[in-house]
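This report is written for someone meeting the structure for the first time. It goes from single residues to strands, then to charged pairs and the contact between chains.

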Amino acid sequence: MRPVETTRRGQVSEQQRSRIGHLKEARKLLQFAKDYIQMGPQPRRGLRNKSHLSELLLTFLLVFSQITQLKVTAQTLSENSTPSAAAVVPTSTEKLFRLERLPIAGGAELISIHAQLQGPAQNNREWTPLVSILRDTLGDSDPENDRLRYLWPLTYTRPGLAQRLAGAVPFWYTRAGNKPTGSRKTPPPVIDLSAPEKQAWEKIFWTALQTVLLDSYGMPIKASSYTYRRNLSEYRRSQVVRALSVLSLYQAVGGAPAFSEAEMSEIQSRLLLTDKTFGGLVDDHHLQRYYERQVTSVRDERGHNWELLRQRAEAESLIFEPLEMPDGSTTHAMLWIAKDELGTKRKQTYDERFLNISDPRSDNRLKNWNGHTETRFYDSENRVVAANTAGAHPVEMIPLALYGLDNPKIPMLLVDFRDSFNPKKREMSRRVLQDVTRNFVSLSGAGGVAFFLGRTVFDFVTARRGMDINQPSRLRTYSQLKLLLALNNSLEPELKSQIDARLNRVSVNPLENDLNTEVELAHEQYQALKAYAVRPDGLAAKLDRDRREEMVRLKHGKAEQVLFRLANILSFGAYTHREKASPEIRSRLDLARRITYHTRFLHQVAKSSARVEVVWNLDEVRRSLQFIADYGAEVGPSATHAAATIFLRTEDDETRRVCLASLSRIQNESAKAELLRISRDSRLDLVWKERVLSYLNKPHPASPTAAAADKSRAERFGQQ
Amino acid sequence: MFVGATNSFAQAKRLVVLKVDGLPYSILDRSVQERNPRTGKSQLPWIEHVFYQRGARLRNFYVRGMSLSAPSWSLLDTGQHLQVKGNVEFDRYTLHTYDYLNFIPFYFKNAEGSRIDMPGAELLDALGLPLLCDAFPHDERYISFQLYQRGMRFATLRDGLKNRFVKNPRELLDEWTMGLQTRSVFFEQLEKELIQSLDNPKIRYLDLYISNFDHVAHHNRDRDSQMMELREMDSLVGRIWTAIANSSLAADTAFVMVSDHGFNTDEKIYSQGYNLVKLLGSRKGGGHHVITKRHLLLDYSLKGVNFMVPLITTTTDDSYYLKGQSTSYPTVLLDFDGNERASIHLRDNDLNLLQILLQHLQRNKLPDPVRRAATDAFFATVERRRVGWQKHLNELNEELVALRSRIQDQRKLWEAQPKNFTRREIELGYDDQKKRVFAQLEKSIGQEKIYSEYGRTLAGLLALKQESFAPLKLKLEDLIAKQAMGERNSIYQLQNYIVGEAPDGLQLRADGSLDGEKSFARVDYFALLHNITVRNNVQPAVSNRPIDLVANRIPSSQIKHLVHEEGLTADVIWVNGGGDKQALILAREDAKGNLSFRYLPIKGLTQDALGGFHFEMIAWQRDLPLRIFEDEQLIIPRGEDRAAWLSEWHTDLEWLHALHLTKYSNGIVGLYEELAYHRNPRLDLDEPGISPEEQLNRRFTQRQRNLAEADLLVVASNHWNFDVRGFNPGGNHGSFLRVSTHSTFMLAGGDKTQLPRGVIIDEPYDSLSFMPTMLALTGNLRDDKTPLPVLWSKGFRRFPGRLVKEVLPATPGKDPIAVTGASPTH
């Protein structure tokens with residue numbers, strides 16, 4: 001496999017300049033951090049002093065944040081990358097997405113989705129890798145033993161030093177420049193899809209650590225550590241959202257099938273669940289349903305916000321323009337005002353609610369507007385038409401605001417073309433509240449009834465009334481907007497550029513990078529990932545370690561597994577128990593994965609229908625049952641229960657027979673209990689009852705098929 | 001003998017009805033036909049298995065009337081012509097609200113014992129119209145929670161919550177993490193109870209009402225979300241069918257799936273809302289304080305958390321003469337529920353006029369000439385309305401006397417009720433009967449109070465004498481009832497509606513009289529509504545005009561001489577499509593109660609101040625209301641001229657055959673069903689043998705129904721809605737568009753039911769066919785239309801709808817139903 005190369009000629013000086021700038025910025029930050037720690041509020045001082053200090057600090061930071069924003073400049077994007085012809089899987093939507101598969105030694109593949117992006121400062125579109133996912137195939141083409149493992153949003157990176165330092169400064173609500181490009185480090189994944197529970201435990205561990213240990217070291221440590229963790233987590237979340245958007249979009253436009261339907265819903269639901277503390281612990285059986293519900297909920301919110309914004313625009317005589325993603329979904333919308341209507345008085349007073357921008361008609365800034373304007377033509381029914389359409393009249397329009405639609409309750413203001421600070425103010429308001437209460441006043445939900453009640457009432461009222469100061473989902477919408485800017489063709493380049501510039505100023509997370517840098521980082525990181533993937537000590541070795549970790553549950557009981565997990569957590573991840581690889585244990589891993597695959601399928605079958613044959617293809621069901629029958633000694637109670645339920649929910653003799661064969665070969669008590677339960681079913685006719693009893697009374701021999709398959713599997717893994 | 005004859009054809013001993021709110025046949029059918037790529041089976045395998053392969057489905061089943069839940073379920077559940085005309089109805093005299101969809105106040109009232117049935121069932125009881133479930137004894141039926149619900153089982157709520165929360169902690173943690181689905185708690189419990197009840201061979205009627213699809217389709221236009229709900233429903237069908245198959249009455253059970261309306265939802269279009277409340281509150285809309293029964297922007301308001309939902313008043317600052325009086329003198333009642341239509345009640349315009357004049361006359365510094373002219377105008381208005389108002393007042397007073405007497409009787413009956421009931425008596429529903437007595441007593445006491453109040457105020461107004469008139473000493477609220485709309489407005493009033501004083505104040509003519517034309521600001525509501533356009537027109541398939549048509553009922557006595565027709569029913573429906581595109585729907589009824597209609601294209605309908613109507617008849621052409629002429633799906637007899645055929649009288653069945661595939665499906669019949677008065681045999685004042693008191697009670701009940709009639713029925717253009725409670729971008733219903741009226745009706749049954757298998761019925765039917773078909777299926781009809789004596793005694797009467805004969809058991813060469821030719825003699 002020939003690696004994909006990206007050339008970035010003519011950019012060196014730009015990058016060097018950028019790095020020098022960042023170094024200076026980092027030095028300033030270090031100095032600031034020192035000063036800050038020195039003058040940090042004394043824990044024993046009164047609340048009044050604390051508040052006073054926090055006000056001063058806040059003011060300083062806000063002023064500072066505005067100055068640093070002025071430094072953000074547009075950067076030139078890299079030239080087009082040239083994908084390897086052998087690696088590219090052509091898609092039906094070749095103009096927008098393409099798929100690349102890279103085989104990994106040891107039996108896996110790296111699947112990457114590339115999109116043709118157009119950055120705001122670019123004229124040419126280029127292919128940019130956006131998301132990579134590792135699928136562990138155990139070296140065969142059978143999907144039954146596949147495991148999805150790591151997911152890399154390629155714009156997600158380890159923050160630079162300056163970013164990290166800024167990220168630990170409380171009340172630093174602005175970006176801290178970009179991460180210097182040119183690094184060859186392997187990008188960090190956002191999730192291990194095969195072990196999502198790790199993240200849940202990590203979250204719980206860090207929360208405990210923060211509460212028990214870090215919080216006790218006084219305000220500076222407490223505030224810094226909390227702020228840093230929060231920024232890191234939100235940065236990660238924003239990248240998760242981006243990955244989700246890319247995957248949804250790829251799915252919606254019907255790209256070449258990279259993942260099965262089940263895999264796609266697993267990836268997406270696991271990503272969605274990263275938002276929740278216990279999300280990683282949710283059982284796989286629920287993933288499909290959870291994903292469907294989330295899709296419904298997001299589309300519901302989108303539709304409501306579309307309509308709310310249209311109605312509010314209509315009521316204020318503004319012009320509403322939905323912005324579409326390439327799949328036709330409207331995730332954002334803009335409001336404009338007709339230039340010739342400025343200064344006109346309307347009978348009704350302007351209502352700012354939900355729009356969250358000031359009255360444009362009485363705004364002097366718009367009268368002397370020298371920003372972007374557009375002229376569009378409308379027919380007699382107020383439809384946008386071509387300029388040469390008979391009867392069309394021109395309207396010169398000034399952009400007012402851009403909103404995100406994918407959030408609960410109300411459209412979220414992302415860009416206010418007259419007041420860049422407006423969305424930032426809203427974005428910050430929630431954080432300020434959280435930071436002041438947590439870091440300075442030391443109040444938390446569990447800290448006092450009064451605070452808890454006050455906070456609950458505040459949250460309820462602001463959420464109920466749809467006030468735009470309490471929007472945890474703003475992050476999501478920003479991330480989507482970045483994607484929209486890169487993919488949407490309908491926006492004028494000048495407007496795109498203006499939106500991007502404003503968007504960068506709005507960001508409150510010091511760890512965020514701007515759009516151009518992200519594109520550059522995506523290319524770099526993809527190259528690094530591919531290099532890592534082909535290195536013998538790279539991805540293949542990591543995969544091997546992961547498999548050996550996965551093998552732990554095949555060799556050890558539950559108690560031991562818990563101990564290993566505990567050791568892992570307490571050593572901050574330094575110790576991870578892994579089994580020694582051997583052909584035998586790899587064969588067992590292969591078998592365990594297949595059993596999981598068939599058990600999950602049978603569980604789904606058993607749960608889904610009152611009569612199996614009406615809904616399912618019985619050949620497929622019998623195949624899974626047969627597999628369970630063949631490896632009865634290895635399967636758990638879940639498969640037992642599924643087989644018994646399927647027996648009772650089918651009238652197909654052959655399927656029933658295989659169910660009984662499965663149950664008879666499963667060597668555990670639950671299988672016997674299930675057989676007993678079946679034998680006692682009053683609706684079962686005598687012939688079947690007798691068969692069930694015969695199975696109960698004499699143990700069934702092990703399946704010869706299984707023995708043969710075991711042998712062949714062991715041989716295969718031995719060769720590997 | 002009749003019973004024996006009927007029973008020999010009646011095969012289904014048990015009826016299981018799955019009532020699905022808002023399930024469009026077209027979406028369901030498309031989903032059933034679609035294959036699941038993994039299994040190769042239908043996307044809705046159970047519906048295919050049960051109803052497509054082992055049952056019968058009606059490909060053309062339509063709502064008769066509006067595609068709105070409360071009216072539509074009432075048609076399905078009673079089989080009688082429409083009496084419930086909206087999801088919410090208001091009484092014009094008292095602002096009493098009939099809120100048919102609001103479950104939560106019902107639960108509270110039931111818990112405190114003041115109500116036993118949902119408001120819809122309560123109203124139908126008052127009208128003497130029994131429900132389908134009433135055909136079965138109390139202990140032989142299982143009824144789920146629904147719009148026309150009888151009784152309440154708090155145990156269902158309790159067990160539902162218990163099942164949701166008392167479970168494996170791991171499962172609970174997963175559910176909590178993913179978000180608890182509280183909505184499904186009770187549905188799951190109801191399903192569980194239904195399936196348990198199927199094990200009891202004594203239970204012969206079971207129903208389960210589900211509304212998840214309707215709920216999702218209002219919010220989500222996308223196929224995935226709707227398909228998710230359809231798959232849930234499909235699984236439910238499977239579970240019920242399997243439970244039926246496992247029950248002892250499997251062979252005798254008929255399983256029916258029915259829906260109340262279709263759904264106007266499109267994957268590529270957001271349904272757009274238009275705010276009529278805001279329009280009516282604006283200066284150009286009349287500056288009205290508007291009452292609704294749903295909170296505006298409910299989800300965005302703190303008041304919206306109030307489950308008991310009082311009347312919601314939207315106060316306007318643009319009121320001409322009622323500033324600050326929104327709670328005392330609202331002048332518009334608006335029901336927008338259902339969303340593709342709205343019903344608007346405007347206050348009797350002469351009350352506006354009187355109030356404006358009285359407000360002037362109560363000013364100290366009014367110039368004498370103006371005072372004189374205003375006083376004259378005031379009394380001229382009272383005199384003009386005196387006959388009508390006095391008649392209503394006299395009748396109301398008579399009815400209130402009868403009501404008081406009934407209250408006494410009811411009180412005695414209540415006092416005579418036993419305190420405790422045995423288990424058997426509870427099974428038989430005696431405790432519910434007792435609660436019904438109390439609920440009726442409570443209701444009657446309330447009615448007596450509020451109608452008496454209105455009567456007193458009207459009497460005060462009528463008692464005024466010009467010679468002793470001293471406006472400064474009068475209290476306005478003693479003459480003009482607070483929170484009342486008075487009588488319904490005439491077309492003239494709606495076209496010249498006085499909303500306040502003109503900008504230059506009261507103007508006098510040369511003769512010193514008040515110049516009514518110049519003194520008042522007026523609104524023509526038909527023009528106002530039709531001229532609405534919006535600025536943002538961003539969806540290609542959606543027009544920039546939210547209003548499609550406005551419809552009104554006009555007494556045929558006022559119009560028949562202009563249309564040169566005899567034998568018309570009492571009502572003519574005027575349909576105004578804006579500009580010169582209008583029509584009259586004329587109706588006739590034959591001796592058997594069969595209806596015929598004529599659609600008469602007209603233009604420029606106006607009514608003058610004296611009540612005379614003026615319009616011009618026009619030829620059939622494009623763009624008339626319901627757009628029939630240009631519709632390619634119109635089916636008329638081969639060789640017939642389209643305009644000629646359309647100009648003739650046709651029976652409702654002929655219209656249904658001709659129109660059902662057109663864009664507005666059965667709009668002609670639907671508009672008449674919705675807006676006309678329908679004779680209710682149970683309220684027949686001339687029924688032999690009824691006491692004078694009973695006669696008055698019946699008249700009072702009729703009056704209450706008439707008082708719920710709105711002034712204007714406003715129907716939205718395609719993909720528009722009037723929802724102001726929130727937003728329904730996914731889709732809506734309520735209109736007469738085929739997409740909204742095309743509904744679902746499918747049946748399947750065990751061997752002994754003899755229901756046909758794998759049959760598609762193309763013959764069009766409407767909602768009126770459902771009830772008689774169900775009764776015929778269970779052997780409860782003595783002929784095509786008439787219920788058995790046992791049901792007759794329960795209040796069931798002759799059904800106007802056609803039986804779906806294709807699904808009824810038939811023996812070769814015989815009429816499928818035992819037509820005895822007997823007439824009811826009960």
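A residue counts as buried when its relative accessible area is under 20%, as exposed when that area is over 50%, and as partly exposed in between. The model is predicted.

**Two residues with positive phi**

By that cut-off Leu95(B) is buried, because its relative accessible area is 3%. Leu95(B) sits in the loop between strand E4 (88-90) and strand E5 (97-99) of chain B. Its phi is positive, near 60°, and the residue is not a glycine.

Chain A offers another case: Asn382(A), also a residue other than glycine, has a positive phi of about 65°. The loop that holds Asn382(A) runs between strand E9 (374-378) and strand E10 (384-385) of chain A. With a relative accessible area of 21%, Asn382(A) is partly exposed.

**Chain A as a whole**

Chain A has 720 residues, of which 55% count as buried. Its secondary structure consists of 24 helices and 12 strands. Among the contacts in chain A with a separation of 6 or more, 71% are between residues 24 or more positions apart.

**Strands**

Why is strand E12 (residues 412-416) of chain A described as largely enclosed by the rest of the structure? Five of its five residues are buried, so the description follows from the residue values. E12(A) pairs with strand E11 (residues 393-404) of chain A in the antiparallel sense, over four bridges. Within this pairing, Leu402(A) has Val415(A) of E12(A) as its bridge partner.

In chain B, three strands make an open sheet with mixed pairing, in the order E26-E3-E29. Its edge strands, E26 (742-743) and E29 (765-766) of chain B, each pair on one side only. Strand E3 (residues 61-62) of chain B runs parallel to E29(B), with two bridges between them. Tyr62(B) has Asp766(B) in E29(B) as its bridge partner.

Strands of a sheet pair through backbone hydrogen bonds, in either a parallel or an antiparallel sense.

**Cysteines**

How many disulfides are there over all chains? The count is zero. Cys659(A) is buried, at a relative accessible area of 0%. Cys133(B) is also counted as buried, at 5% relative accessibility.

**Salt bridges**

Over all chains, the search finds 105 salt bridges. The table lists some of them, with the closest distance from N to O.

| Residue | Residue | N to O distance |
|---|---|---|
| Arg101(A) | Glu109(A) | 3.4 Å |
| Arg594(A) | Asp140(A) | 3.3 Å |
| Glu383(B) | Arg386(B) | 2.9 Å |
| Glu341(A) | Arg535(B) | 2.8 Å |

In the pair of Arg101(A) and Glu109(A), Arg101(A) is partly exposed at 25% relative accessibility, whereas Glu109(A) is buried at 16%.

Arg594(A) and Asp140(A) form a salt bridge as well. Arg594(A) belongs to helix H17 (residues 583-608) of chain A, and Asp140(A) to the loop between strand E4 (126-136) and strand E5 (147-153) of chain A, so this pair ties together parts that are 454 residues apart in sequence. Arg594(A) is buried, with a relative accessible area of 9%.

Glu383(B) and Arg386(B) both belong to helix H14 (residues 368-415) of chain B, where they are three residues apart, about one turn of the helix. Glu383(B) is partly exposed, at 44% relative accessibility.

Salt bridges that share partners also join residues of chain A into one network, whose members include Asp136(A), Arg147(A), Asp192(A) and Arg593(A).

**Contact between chain B and chain A**

How many residues of each chain are in contact with the other? There are 54 residues of chain B in contact with 62 residues of chain A. About 5200 Å² is buried between the two chains, and carbon and sulfur atoms give 53% of this area. On the side of chain B, Met178(B), Tyr300(B) and Arg535(B) lose the most area to chain A, together 16% of what that side buries.

Six salt bridges are counted between chain B and chain A. One of the residues named above, Arg535(B), forms a salt bridge with Glu341(A). The count of residue pairs in polar contact between these chains is 33. The elements of chain B that give two or more residues to the side touching chain A are helix H3 (45-53), helix H8 (169-178), helix H11 (223-246) and strand E10 (272-273). H11(B) gives the most to that side, with 10 residues.

Key
Residues numbered from 1 in each chain as written. Chains lettered and ligands numbered in written order. Predicted model: local features only at pLDDT ≥ 70, side-chain atom pairs only at ≥ 80, totals over all residues. Heavy atoms only, no water. Disulfide = S-S within 2.5 Å. Buried < 20%, exposed > 50% of the residue type's maximum accessible area, 1.4 Å probe, protein only. Pairing = 2+ DSSP bridges. Contact = heavy atoms within 4.5 Å. Buried area = accessible area lost by both parts, 1.4 Å probe. Salt bridge = Lys/Arg side-chain N within 4 Å of Asp/Glu carboxyl O. Polar contact = N/O pair within 3.5 Å; in protein donor to acceptor, adjacent residues only side chain to side chain.
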